[in-house]
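Student: Could you take me through one part of this model closely? I would like to look at the metal sites, and then at anything else that helps me read the chain.

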Amino acid sequence: MPHAYLSVALDVPLPRSFDYRAPAGAAAVGERVIVPFGRQTLSGVVLAVSETAPDFAGLKDIAAAPGDLPALPADVLALCRFCADFYAAPLGMVLAAALPAALRQPKPWGGDGGMLQWQATDADALLARLSPRAKKQRQLAELLRTPQTREAVREIAGDALRWLADWHAAGEVIAVAPARPTGMPRQASLPQLNPAQAAAVDAVNAAEGYAAFLLYGVTGSGKTEVYLRAIAERLGRGEQVLVLVPEINLTPQLEARFRQRFPDEAIVSLHSGLADGERTRNWLQAVRGEARIVLGTRLAVFTPLPALGLIVVDEEHDGSYRQQEGVRYSARDLAVWRARDRKLPVLLGSATPSIETWKNASEGRYRRLDLPLRAVGGAVAPTIEVLPTGRIALQDGIHPLALERLRATLARGGQALVFINRRGYSPVLACNECGWVSGCKRCDAKLVLHLGDRRLRCHHCGFECAIPAECPDCGNIDLKPLGQGTQRVEDALAVRFPDTPPLRIDRDNTRRKGSLEAMLAQVHDGEVRLLVGTQMLAKGHDFANLQLVVVLNADAGLFSVDFRAEERLFAQLLQVAGRAGRAGQPGQVLIQTRYPEHPFYAALLAGDYAAFADEQLAARRELLLPPCAAWLMVRAEAKRIETSLAFLNALRGALVGMEVQAMTPIAASMSRKAGWERAQLLVTAATRGPVVAAAAHLAALLAAKPPKGVRWVIDVDPQDV
Ligand code: ADP
Ligand code: ZN
Ligand code: ZN
């Protein structure tokens, strides 16, 4: 029998592919194969097929070529290869990240039948052919006048699925995609675009080939409307559109808006919250070109889309586009690469663009499209005020003026949100007698007090214990919670505003599926008028009647070692502010701070992100910080910090002679986490090339000789420092 020799990428942490033998024609490039690997069986993707046997004695045969996956097209393989090279990750791991979980299993995917339905091509002809005595077969043929699922077929008779298969083979029955469950009324009339929107839509529609656009406009300026028009144009040309959003679970409103605008289009979503089967089916619909709008989170950037015509990245500055485990890629950056590779337009939208994107726009690589006004007639930007907290007595962490405004807002029937980015009751429990504080034994962090179930919890490693009855050091029984978390603020507001009891929304009470949606519904109904929440509430939710936002602990982001902290804080505060005053009523935002003179607040109050971004960019240029320099961070953790540092020092030595600057390794900012002692090595260069080369060099070195007792990560273009 003639053979073919396959080079296969496997999901293993080794930067190489593996050779296997297969019957000639069993699998083509981009297809999935199942192969033996040591004692395991793994699923892999074919990278190359050759007729000549590799010079390798232990060559094994593949276990199966399931043929359940349409071959990954060349452009997606190229995207994955770029991702692997740029982020110094094994190609097999990138490909695994690109495929839905069900297609990564070392067994054929049996799920497609779950989606497809069967229908007779000509039920009358089929009935005419069947014997009049074959009662059950006739019953099935009748049923198949309309599309039926496998389950419905199976109910007819024990043999029904076999008949179906025979008829299918004979062409008497075909598989059809299920009817699209839209049920949405068509939008009666579209809003008249304002001139800035119209100019933006025209620019995107006019793009032939690669073009990158930054759509810069505050929340409510009509960015989504611009996306919708640009998408409509591409659909009209018979193309597919990929829309990336930061967190799809938080944006059901966006999905609904898409379905309402395009009721006749198959829209699929792709995100990690979907069940494996559903995600695989959605993915296959996109791959086959049936789904024309794909709405997904970062992982969707890899979706094969044969007729792709436009990529939209909403909230392009959002940190969740960055994968922080396994392969550490930026979906936004990959989206731009993909657009260039496929020669199509990419539209990045934000009210607070990342400094990376800002730089690209100011240097002319991206074209900036501004939406300077709020879209809805009469809607005005919220007024932002700073409340200095230095010399005033706070009440449960809340400024008296903020309480007064809350009272006034609630009294006139408005909704108000108290924003505090810290869950739990208080961030630490302390003893006033001896100075003991509740620290985590495994991390450089404090245990957070959770009063609801009377526990102390570490938010970094998950450690928890009961609240001690007395100080472990001196026996004092009067332990005090220090500072505020969402639960404490909730309690304080409940006492003060008994007629409008607060609803708290944070990660602690929204873990159960559907609980967040249920709470948001209460807010939309106006049942709840006072909200306490974390950043979960900052994104995407549209609260029509929200008139006041009070921000309690903004300062936490001001004095961070991370040079991106201010940029993030600005984005977050503007995003929270954007929740207020959306539907015509003016919104008010009060920010409590101990540092009212900090230049950051001057920029925020001016509401001028462009000025802030220009300043940030100038500072980065001066200090040679990204994006005005290229960075690579190697992170290491071991049982002892000395081991981590020694390991990184050795790596630093291995970079001598390369065109990069490797700094002295230092302890990480939280140097102990979950019992591991962590350090980092920063490698910099003026441009990306040398940094990527250094990352590849280190990855090869570590793969050839894996270190013992040290865990390491190579983080190209790190987002947290
Ligand atoms: P963004 O995405 O920038 O937050 P949206 O596109 O969601 O802004 O627009 C905010 C609100 O304004 C939405 O309710 C939208 O329907 C409405 N809107 C957008 N563009 C227009 C327009 N040209 N005329 C009237 N209303 C508009
Ligand atoms: Zn004590
Ligand atoms: Zn801990």
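Tutor: What follows goes through two zinc sites, then a pair of helices, then two backbone details. Keep in mind that this is a predicted model.

Start with the zinc ion (ligand 2). Which residues coordinate the zinc ion (ligand 2)? They are C431, C434, C471 and C474, each through its SG atom, at 2.3 to 2.4 Å. The arrangement is tetrahedral because the four donor atoms subtend angles of 104 to 114° around the ion, and four donors count as tetrahedral if all angles lie between 85 and 135 degrees. Along the chain, the donors of this ion follow the spacing C-x2-C-x36-C-x2-C. C431 lies in strand β17 (residues 428–431), while C471 is in the loop between β20 (464–466) and β21 (479–482), so this pair ties together parts that are 40 residues apart in sequence.

Now turn to the zinc ion (ligand 3). Its protein donors are the SG atoms of C440, C443, C458 and C461, and they lie 2.2 to 2.4 Å from the ion. The angles among these four donor atoms run from 105 to 114°, and the site is tetrahedral. In sequence, the spacing of the donor residues is C-x2-C-x14-C-x2-C.

Next comes the helix pair. Helix α1 covers residues 74–86 and helix α2 covers residues 91–98. The two pack with their axes 9 Å apart, at an angle of about 125°. That angle makes α1 oblique to α2. The crossing of α1 and α2 is right-handed. Where do α1 and α2 meet? On the α1 side the residues are L77, C80, R81, C83 and A84, and on the α2 side they are L91, V94, L95 and A98. Sorted by type, the residues of this contact comprise eight nonpolar, no polar and one charged.

The loop between α1 and α2 holds A88. A88 is not a glycine, yet it has a positive phi of about 55°.

The last backbone detail is at a pair of prolines. The peptide bond from P626 to P627 is cis, and its omega is near 5°. P627 is found in the loop between α19 (609–623) and β26 (630–638).

To go over the sites again on the structure, find C431, C434, C471 and C474 around the zinc ion (ligand 2), then C440, C443, C458 and C461 around the zinc ion (ligand 3).

Conventions
Residues are numbered from 1 along each chain as its sequence is written. Chains are lettered from A and ligands numbered from 1 in the order in which they are written. This is a predicted model: local features need pLDDT of at least 70, side-chain atom pairs count only at pLDDT 80 or more; totals for chains, interfaces and linings use all residues. Side-chain values use heavy atoms; hydrogens and water are left out. Axes are lines fitted to C-alpha atoms, for helices over the stretch in contact, and angles run from 0 to 180 degrees between N-to-C directions. Helices (H or I, at least four residues) and strands (E, at least two) are DSSP runs, numbered from the N terminus. Angles under 35 degrees count as roughly parallel, over 145 as roughly antiparallel, 65 to 115 as roughly perpendicular and the rest as oblique. A crossing is left-handed if the near helix is turned anticlockwise from the far one by less than a right angle, and right-handed if clockwise. Contact means heavy atoms within 4.5 Å. Ala, Val, Leu, Ile, Met, Phe, Trp, Tyr, Cys and Pro count as nonpolar, Asp, Glu, Lys and Arg as charged, and the others, Gly among them, as polar. Donors are N, O and S atoms within 2.8 Å of the metal (3.2 Å for Na, K and Ca); water is not among the atoms, so sites may look incomplete. Four donors count as tetrahedral if all angles lie between 85 and 135 degrees; four count as square planar and six as octahedral if opposite donors are over 155 degrees apart and all others between 65 and 115; anything else is irregular.
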